[in-house]
Amino acid sequence: MSTLSVPPVPTSPRDDAIALYRAFKGFGCDTAAVVNILAHRDATQRALIQQEYRVMYSDDILKRLSSELSGKLETSVLLWMHDPVGRDAIVVKQGLSSETKNLQAATEVICSRTPSQIQCFKQLYHSRFGVPLEHDIEMQASGDHKKLLLAYVSTPRYEGLEFDREIAAKDSKALFKAGEKKLGTDEKTFIHIFSERSRAQLAAIISAYHDMYGNSLKKAVKGETSGLFEYALLTILSCSENPARYFAKVLHKAMKGLGTDDTTLIRVIVTRTEIDMQYIKAEYLKKYKKTLNDAVHSETSGHYRTFLLFLLGPNR
């Protein structure tokens, strides 16, 4: 495996802005320098670099990066330049826009985030794009999928670890009656329980459902629902148990078989790097007996590979 260059010595945002300006100047861009600087800066430092660059050169560094870089590297770096809340808002906006429509990506972000994370990117979404998130969901999604997303982004949920076993048993019964027990499916019950209950409570429901009916709730969801509605319910369930394992699976699927789903690879690595990447790496290694770094290394190349590996950090 190739050795990666050593992270640069700590510098000020002003020094970084100057170094980036020099990397952009002249014939061709010193892409290695750009990647090396930006991949090793946290959200606060990146915001300060953007400020310094604007003050010193009266130029928007995002526009400059967009004109100097291209392809998958450009997509990765531009998304990385935002903070975690900004990235979520951008991914969801792109997913809910007619030209770049990717309902699966928008669903993944919405259904895998905590209520407070959703609140934060909802506020930013409205201020940055001039429309409420609910408006775009209303326009682009449909059917039960739309109803679930609208309920999920607007319902406050408890974020602690306590749960109520009695309520879990009651909800399990309601879900069984709404799904496996009847002909057809009562989607309303699924939407209500999945959007109202906390992660800890849903994990308790998964356990109660298995104890009471000998079947997994995930299997029931797969048997009773389909399409994006099924995808949203399964994402909510998986993230109530173990978000890191969920993202490890998403990454594995993106790299499995012929070709690579780079859109997913970029989205997950870039949006989770400042959140829970060390847990995702641990889950990946546990489940697939291979480090995430090695998997990414074998599926990518060039500066794009270097950038993603820098974000992932040490290969362990």
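Mentor: On a 1 Å grid over the protein atoms alone, a pocket is an open set of points where a 1.4 Å probe fits, with protein on both sides within 12 Å along at least five of seven lines; lining residues have an atom within 4 Å of a point. This is a predicted model: local features need pLDDT of at least 70, side-chain atom pairs count only at pLDDT 80 or more, and totals for chains, interfaces and linings use all residues. Residues are numbered from 1 along each chain as its sequence is written, and side-chain values use heavy atoms, without hydrogens or water.

Trainee: Which residues lie nearest the centre of the largest pocket?

Mentor: The largest pocket holds about 580 Å³ (the space filled by probe spheres set on the points, which are joined across faces, edges and corners). Its lining counts 22 residues. Nearest the centre are Tyr231, Tyr246, Lys249, Val250 and Lys253.

Trainee: Which helix gives the most to that lining?

Mentor: Helices here are DSSP runs (H or I, at least four residues), numbered from the N terminus. Those giving two or more residues to the lining of the largest pocket are H7 (103-112), H14 (217-224), H15 (227-241), H16 (243-255) and H17 (262-272). With 6 residues, the top contributor is H16.

Trainee: Which residues lie nearest the centre of the second largest pocket?

Mentor: The second largest pocket has a volume of about 430 Å³. Its lining has 17 residues. H5 (71-80), H6 (84-95) and H17 each give two or more of them. Nearest the centre are Thr75, Leu79, Ile90, Val91 and Gln94.

Trainee: Is Ser58 buried or exposed?

Mentor: Ser58 sits in the loop between H3 (43-57) and H4 (61-68). Its phi is positive, about 45°, although it is not a glycine. Buried means under 20% relative accessible area, exposed over 50%, partly exposed in between (1.4 Å probe, protein chains only). At 67% relative accessibility, Ser58 counts as exposed.

Trainee: What is the relative accessibility of Lys289?

Mentor: Lys289 is in the loop between H18 (277-288) and H19 (292-299). Lys289 is not a glycine, yet has a positive phi of about 55°. Lys289 counts as exposed, because its relative accessibility is 69%.

Trainee: How many degrees of arc do the buried residues of H11 cover?

Mentor: The buried residues of H11 are Ala168, Asp171, Ser172, Leu175 and Ala178. On the other side of H11, Glu166, Lys170 and Lys177 are exposed. The arc is taken from the directions from the helix axis to the C-beta atoms. The buried residues are on the same side of H11, because their arc is only 130°.
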